Amino acid sequence: MAKRHVRSPARKPCQEAPIRPLPSRAQAAAIVIRNLIPLAGIVVLGWLAGQFLILSVFSLALSIVGIGTTGVMVSTRKQMPDARLSDQISSGVIAIGLTLFGSVILTALFGWVIAVFAVNIGESLFDGALLGSALLVVISAAPAMVRQYREDLASSLTEEQRKQRDQPTVFGLVLSAGLIFVLSGYAPGFGRFGLVALAFAVTALFIFRDLRPDLVRSLAARGPQVPPGG
């Protein structure tokens, strides 16, 4: 009896995850200004290592949590496109509160070791200048989050596609937080000149990371994706 050859169904080609576009000139200027705020604390206000590092961690935490809350807001709004204006406003206020609260919690998780080293050398971390600088970081980050929310709301990307697009960005931010975590054990011993040089180097690295998301994506790539059943 002759065997019948059953043709396997053709595999669907893998769809490449969406890529974040390179920032425009205005967006690039906002990125540079935001990353210069911790550096200004070192150069202008004479901060020590702990204040610079903890503010850098807060800025990273704000970016990570902001991506998450923006994604949730977009998904919720798309599920309820006819929501009343009052409901939209209340949702926005809640999202802002959750973003700030989550950023503080994540800062504590990433930055506790900074506080330990600062206390051991007698450095005072929290003062009016640090809190004011943190507020400036929030204000400088807000326009980008609002713009991302509007763009995602108007786009045809699914929730899964948005997650795939944002994963490399979050990966780069977590790597940056790890770098700060490592530096917290060494930065206090660099001396004033070494600390200023370190602050410039870290700031330049973070600006490059934010201006070139395509390179961060290539670093975070895990190889070709295999479709379900492949």
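Let's start with Phe-181, a residue of helix H5. The model is a predicted one, and Phe-181 is a handy way into it, being one of the residues that make a nonpolar surface patch. Around that patch sits a chain of seven helices and zero strands, and 36% of its 230 residues count as buried. The points below take the fold, the patch, a long-range contact and the salt bridges in turn.

**Overall fold**

- Reading from the N terminus, the elements follow the order α-α-α-α-α-α-α.
- Helix H1 covers residues 25-43 and helix H4 covers residues 128-154; their axes come within 9 Å.
- The two axes cross at roughly 160 degrees, and because angles over 145 degrees count as roughly antiparallel, H1 and H4 are roughly antiparallel to each other.
- As for handedness, the crossing of H1 and H4 is left-handed.

**The nonpolar surface patch**

- Six side chains are worth picking out on your display: Trp-112, Val-116, Phe-181, Val-182, Tyr-186 and Phe-190 make a nonpolar patch of about 610 Å² on the surface.
- Two helices each supply at least two residues of the patch, namely H3 (85-120) and H5 (159-183).
- Phe-181 has a relative accessibility of 34%, so it counts as partly exposed. That value fits its place in the patch, because patch residues need over 30% relative accessible area.

**A contact across the sequence**

- Ala-204 belongs to helix H6, which spans residues 191-211.
- Although Ala-204 and Leu-36 are 168 residues apart along the chain, their C-alpha atoms are separated by 9.0 Å.
- Ala-204 has a relative accessible area of 45% and is therefore partly exposed.

**Salt bridges**

- How many salt bridges does a search of the whole structure find? The count is four, and three of the pairs are described here, starting with Asp-152 and Arg-165.
- The side chains of Asp-152 and Arg-165 meet at 2.8 Å, N to O. Asp-152 lies in helix H4 and Arg-165 in helix H5, so this salt bridge ties together parts that are 13 residues apart in sequence.
- Are the two partners buried or exposed? Asp-152 is buried, with a relative accessible area of 4%, and Arg-165 is buried as well, at 7% relative accessibility.
- Arg-165 also forms a salt bridge with Asp-166, where the closest N and O atoms are 3.0 Å apart. Asp-166 has a relative accessibility of 10%, so it counts as buried too, the cut-off being under 20%.
- Arg-209 pairs with Asp-210 in another salt bridge, with the closest N and O atoms 2.8 Å apart.
- The partners in this pair fall into separate classes: Arg-209 counts as buried at 12% relative accessibility, whereas Asp-210 counts as partly exposed at 25%.
- Which residues are joined into one network by salt bridges that share partners? They are Asp-152, Arg-165 and Asp-166, with Arg-165 bonded to Asp-152 in one salt bridge and to Asp-166 in another.

How values were computed. Residues are numbered from 1 along each chain as its sequence is written. This is a predicted model: local features need pLDDT of at least 70, side-chain atom pairs count only at pLDDT 80 or more; totals for chains, interfaces and linings use all residues. Side-chain values use heavy atoms; hydrogens and water are left out. Patches are made of residues with over 30% relative accessible area and no salt bridge: like charges are joined within 9 Å, nonpolar side chains (Val, Leu, Ile, Met, Phe, Trp, Tyr) within 5 Å. Accessible areas come from the Shrake-Rupley method with a 1.4 Å probe; for residues, only the protein chains shown count as cover. Helices (H or I, at least four residues) and strands (E, at least two) are DSSP runs, numbered from the N terminus. Buried means under 20% relative accessible area, exposed over 50%, partly exposed in between (1.4 Å probe, protein chains only). Axes are lines fitted to C-alpha atoms, for helices over the stretch in contact, and angles run from 0 to 180 degrees between N-to-C directions. Angles under 35 degrees count as roughly parallel, over 145 as roughly antiparallel, 65 to 115 as roughly perpendicular and the rest as oblique. A crossing is left-handed if the near helix is turned anticlockwise from the far one by less than a right angle, and right-handed if clockwise.
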